[in-house]
Amino acid sequence: HPIGALVGQTVGKYAFERVIGKGGMGTVYEAVNTAIKKRVAIKCIDSALSDNDEALARFQREAQAASAVESPYIVQIFDSGRTEDGQPFIVMELLRGQDLGGYITERRTLELGDAIHIGLQILKGLHHAHSAGIVHRDLKPDNVFLVSRDEEPIGVKLLDFGVSKIARSNHVPQKTLTREGTVVGTPYYMSPEQSQAFTDFDARTDIYSVGAILFECL
């Protein structure tokens with residue numbers, strides 16, 4: 001499929017309206033759940049990756065990991081499915097705002113109070129994920145989405161649990177997708193133990209990434 005191929009189509013109860021993002025693994029659309037008239041975001045894996053077992057497993061991992069955690073600081077997953085030609089998709093809450101990477105680019109440097117406010121919300125989201133036995137492993141400004149909430153000017157939603165490591169959970173099987181000796185993540189934000197492809201790293205690798213993000217904010 002070319003980017004945006006699903007615009008104007010209806011798949012099951014979901015009417016695809018427009019492209020709102022493009023990531024490493026797929027395209028994100030704004031869509032409407034026609035059954036309840038709810039606007040949602042739908043991420044579809046690129047057709048070029050639809051025959052790639054590891055990419056498909058990562059995509060499914062994102063749905064499993066994020067939906068296993070109940071947190072106002074992590075994007076909600078509502079549903080998953082496949083298009084008529086077998087292309088997998090994940091249905092998520094539709095977020096309005098921008099990612100922290102763009103926010104930093106616009107401002108160059110954040111005020112100390114804003115950086116702390118954002119950092120604390122990232123940590124709250126991580127606390128919920130880690131309590132469920134899920135390590136994100138790829139925290140970076142592009143995976144921190146900033147939304148407006150009534151009770152606070154800047155709200156945080158953590159995105160993209162596609163490379164997460166599930167250490168222990170009642171909701172999802174215990175396994176990790178990466179082979180031993182394989183580095184997965186984004187180097188600038190990666191802890192030393194993760195960058196050396198150690199297999200026994202834990203939730204502390206995410207805390208290191210938060211430190212790198214806060215450093216960049218300031």
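Helices and strands are here DSSP runs, with at least four residues for a helix and at least two for a strand, numbered from the N terminus. In this predicted model, the chain comprises five helices and eleven strands by that definition. Of the 218 residues in the chain, 49% are buried. Among contacts between residues at least 6 apart in sequence, 58% join residues at least 24 apart.

The packing of two helices was examined in detail. Helix α3, spanning residues 112–131, packs with helix α5, spanning residues 204–217, at an angle of about 165°, and the two axes are 10 Å apart. Because angles over 145 degrees count as roughly antiparallel, α3 is described as roughly antiparallel to α5. The crossing of α3 past α5 is right-handed. On the α3 side, the residues in contact are A115, G119, I122, L123, L126 and H130. Their partners in α5 are D206, I207, V210, I213, L214 and C217. By residue class, this contact consists of nine nonpolar residues, two polar residues and one charged residue.

Attention then turned to the aromatic side chains. A pair of aromatic rings is described by the distance of the centres and the angle of the planes. Rings pair if their centres lie within 6.5 Å, and planes over 60 degrees apart count as edge-to-face. By this rule, three aromatic pairs were counted. In one of them, the ring centres of Y14 and F89 lie 6.2 Å apart and the planes stand at 80°, so this pair is edge-to-face. The pair joins distant parts of the chain, since Y14 belongs to strand β2 (residues 14–22) and F89 to strand β6 (residues 88–93), with their positions 75 residues apart in sequence. Y14 and F89 are both buried. In another pair, the rings of F16 and Y29 have centres 5.2 Å apart and planes at 85°, so the arrangement is again edge-to-face. This pair also links distant parts of the chain: F16 is in strand β2, Y29 is in strand β3 (residues 26–33), and the two are 13 residues apart. F16 has a relative accessible area of 2% and is therefore buried, and Y29, at 3% relative accessibility, likewise counts as buried. Through ring pairs, Y14, F16, Y29 and F89 are linked into a cluster.

Strand β2 also contains A15. With a relative accessible area of 16%, A15 is buried, because the cut-off for this class is under 20%. A15 and N33 are separated by 18 residues in sequence, while their C-alpha atoms are 6.6 Å apart in space. When neighbours within four places in sequence are left aside, A15 is in contact with Q9, T10, E30, A31, V32 and T34.

In strand β6, residue E93 was considered in the same manner. E93 is buried, its relative accessible area being 14%. A41 lies 52 residues from E93 in sequence and 5.8 Å from it in space, C-alpha to C-alpha. Not counting residues up to four places away in sequence, E93 touches A41, I74, V75, Q76, F78 and K157.

A comparable case occurs outside the strands. A132 is located in the loop between α3 and β8, and at 15% relative accessibility A132 counts as buried. The C-alpha atoms of A132 and V69 are 6.4 Å apart, although 63 residues separate the two in sequence.

Two loop residues were examined for their backbone angles. Most residues other than glycine have a negative phi. R108, which is not a glycine, has a positive phi of about 65°. This residue lies in the loop between α2 (100–107) and α3. R108 has a relative accessibility of 69% and so counts as exposed, the cut-off for exposure being over 50%. R137 also has a positive phi, of about 80°, although it is not a glycine. The position of R137 is in the loop between β8 (134–135) and β9 (144–149). At 7% relative accessibility, R137 counts as buried. Thus the two arginines with positive phi fall into opposite classes, R108 being exposed and R137 buried.

Note on methods: Residues are numbered from 1 along each chain as its sequence is written. This is a predicted model: local features need pLDDT of at least 70, side-chain atom pairs count only at pLDDT 80 or more; totals for chains, interfaces and linings use all residues. Side-chain values use heavy atoms; hydrogens and water are left out. Axes are lines fitted to C-alpha atoms, for helices over the stretch in contact, and angles run from 0 to 180 degrees between N-to-C directions. Angles under 35 degrees count as roughly parallel, over 145 as roughly antiparallel, 65 to 115 as roughly perpendicular and the rest as oblique. A crossing is left-handed if the near helix is turned anticlockwise from the far one by less than a right angle, and right-handed if clockwise. Contact means heavy atoms within 4.5 Å. Ala, Val, Leu, Ile, Met, Phe, Trp, Tyr, Cys and Pro count as nonpolar, Asp, Glu, Lys and Arg as charged, and the others, Gly among them, as polar. Rings of Phe, Tyr and Trp (its six-membered ring) pair if their centres lie within 6.5 Å; planes under 30 degrees apart count as stacked, over 60 as edge-to-face and the rest as tilted. Buried means under 20% relative accessible area, exposed over 50%, partly exposed in between (1.4 Å probe, protein chains only).
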